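Please open the structure in your viewer and keep the selection tool at hand. The tour below goes from stop to stop, saying at each one what to select and what is there.

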Amino acid sequence: MNVNSLQVALAGLPIPVMYFLDTVGSTNDFAEELAKAGAPDFTLVVADEQTRGRGRLNRRWTTPAGTALAFSLVLHPNPAEMENLGLFAPLCGMAVCQALRESCGLAAEVKWPNDVLIKRRKACGVLVEAHWLGSELQSVIAGIGLNVSLASLPQAGEVLFPATCVEEQLGRSVQREALLAVVLEAFLAERPHTGSLAFLAKWENWLAFMGEWVQVEGPTGALNGRVLGVAADGSLRLETETGAEIVVSVGDVRLRPAANTFDSK
Ligand code: BTN
């Protein structure tokens, strides 16, 4: 991947400014600096390697050179989107699922709120960060990391959920630029519908563990529930053991199957 191959693959997409970096600390941090300097909506930052990639809950995200898709978008939400900032993350997850189905024929799922799983293993993580100055939103940075080749996989001890990559599931190599183009197309196509009933229905269609028992772990402890779907604000709807319906908000939470057969730290 280089700036020329990216430009070719992304030609025709409404990307006002695109940066390709051979190596960077974190594309989210780089994009935030661009946003502070006035970068327009849908400015794209792509890196071949990240040396200080970040995940949710202050976790590390490894992106060795030549192995993955690691990119961030600068977003300036419109007034309707301002009401639903929490839905940018699932929008990213859904765009990745859509692209994996369209361009690779892979059946991917969204693990609430936004990780992408293939065969119940994590292939992609999403980190959406809103930057405020007082009460004024400066920008939203949406970062996506998709494991493409085997060399992108984190060490077993580094993960909380079993990982996979696109090429492992597909059994052939994938052109990262072409995949990126389809992810961005899917994001652009779905963005205007974010928050609509159709959007929520689509999200539920992609949702992993629908109808299954999961464990949601937060700062105040863990609870088990059967996944019912998502609420309008993006919360997860669960049925508890007593049959009551509860909602869990996106935040410092981790979701895993209730009968946890996976190795985890
Ligand atoms: C997670 O699963 O915890 C989220 C991982 C998000 C990783 C992406 S890679 C591109 C962007 N830059 C970062 O530093 N993080 C995100």
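A residue counts as near a molecule if one of its heavy atoms lies within 4 Å of it. Keep in mind throughout that this is a predicted model.

**First stop: around the ligand**

Select the ligand together with the 19 residues around it, among which Ser26, Gln50, Arg54, Arg56 and Lys122 come nearest. Zoom in on Arg54, where a backbone N or O atom lies 2.7 Å from a nitrogen atom of the ligand, and then move to Arg56, which has a polar backbone atom 2.6 Å from an oxygen atom of the ligand. At Lys122 the side chain takes part instead, with a polar atom 2.5 Å from an oxygen atom of the ligand. How much of the 410 Å² that the ligand exposes when taken alone does the protein bury? The protein buries 99% of that area.

Now colour the shell around the ligand by residue type, and you should find five nonpolar, 10 polar and four charged residues. Helix H2 (27-36), E3, strand E6 (121-133) and E7 each supply at least two residues of this shell, and E6 gives the most, with four residues.

**Second stop: the seven-stranded sheet**

Widen the view to the open sheet to which E6 belongs, in which seven strands follow the order E1-E2-E3-E7-E6-E5-E4 with mixed pairing. Strand E1 (18-24) and E4 stand at the edges with a single partner strand each, so one side of each is left without a neighbour in the sheet. Neighbouring strands of this sheet are turned against each other by 20° on average, if direction is ignored.

Next select helix H1, residues 3-10, which packs on the sheet and touches E1 and strand E2 (43-50), its direction making about 145° with that of E1. Helix H6, residues 176-190, lies across E2, strand E3 (68-75) and strand E7 (136-147), and runs at about 35° to E3.

Then go to the E4 edge and select residues 108-111 and 115-118, which are strands E4 and E5, paired in the antiparallel sense over four bridges. A hairpin of three residues joins E4 to E5, and within the pair you can find Val110 opposite Val116 in E5.

**Third stop: the five-stranded sheet**

Move on to another open sheet, where five strands are arranged in the order E11-E10-E9-E8-E12 and the pairing is antiparallel. Here strand E11 (245-248) and strand E12 (254-257) are at the edges, and each has a single partner strand, so one side of each is left without a neighbour in the sheet. From one strand to the next, the twist averages 45°.

Inside this sheet, select strand E9 (residues 221-230) and strand E10 (residues 236-239), which run antiparallel and are joined by four bridges. Which residue in E10 is the bridge partner of Arg226? The partner is Glu239. To finish, add helix H7, residues 197-206, which lies across E9 and E10 and runs at about 120° to E9.

Definitions and conventions: Residues are numbered from 1 along each chain as its sequence is written. This is a predicted model: local features need pLDDT of at least 70, side-chain atom pairs count only at pLDDT 80 or more; totals for chains, interfaces and linings use all residues. Side-chain values use heavy atoms; hydrogens and water are left out. Two strands pair if DSSP finds at least two bridges between them. Axes are lines fitted to C-alpha atoms, for helices over the stretch in contact, and angles run from 0 to 180 degrees between N-to-C directions. Contact means heavy atoms within 4.5 Å. A polar contact is a pair of N or O atoms within 3.5 Å; within protein, one must be able to donate a hydrogen and the other to accept it, and residues adjacent in sequence count only if both atoms are side-chain atoms. Accessible areas come from the Shrake-Rupley method with a 1.4 Å probe; for residues, only the protein chains shown count as cover. Ala, Val, Leu, Ile, Met, Phe, Trp, Tyr, Cys and Pro count as nonpolar, Asp, Glu, Lys and Arg as charged, and the others, Gly among them, as polar.
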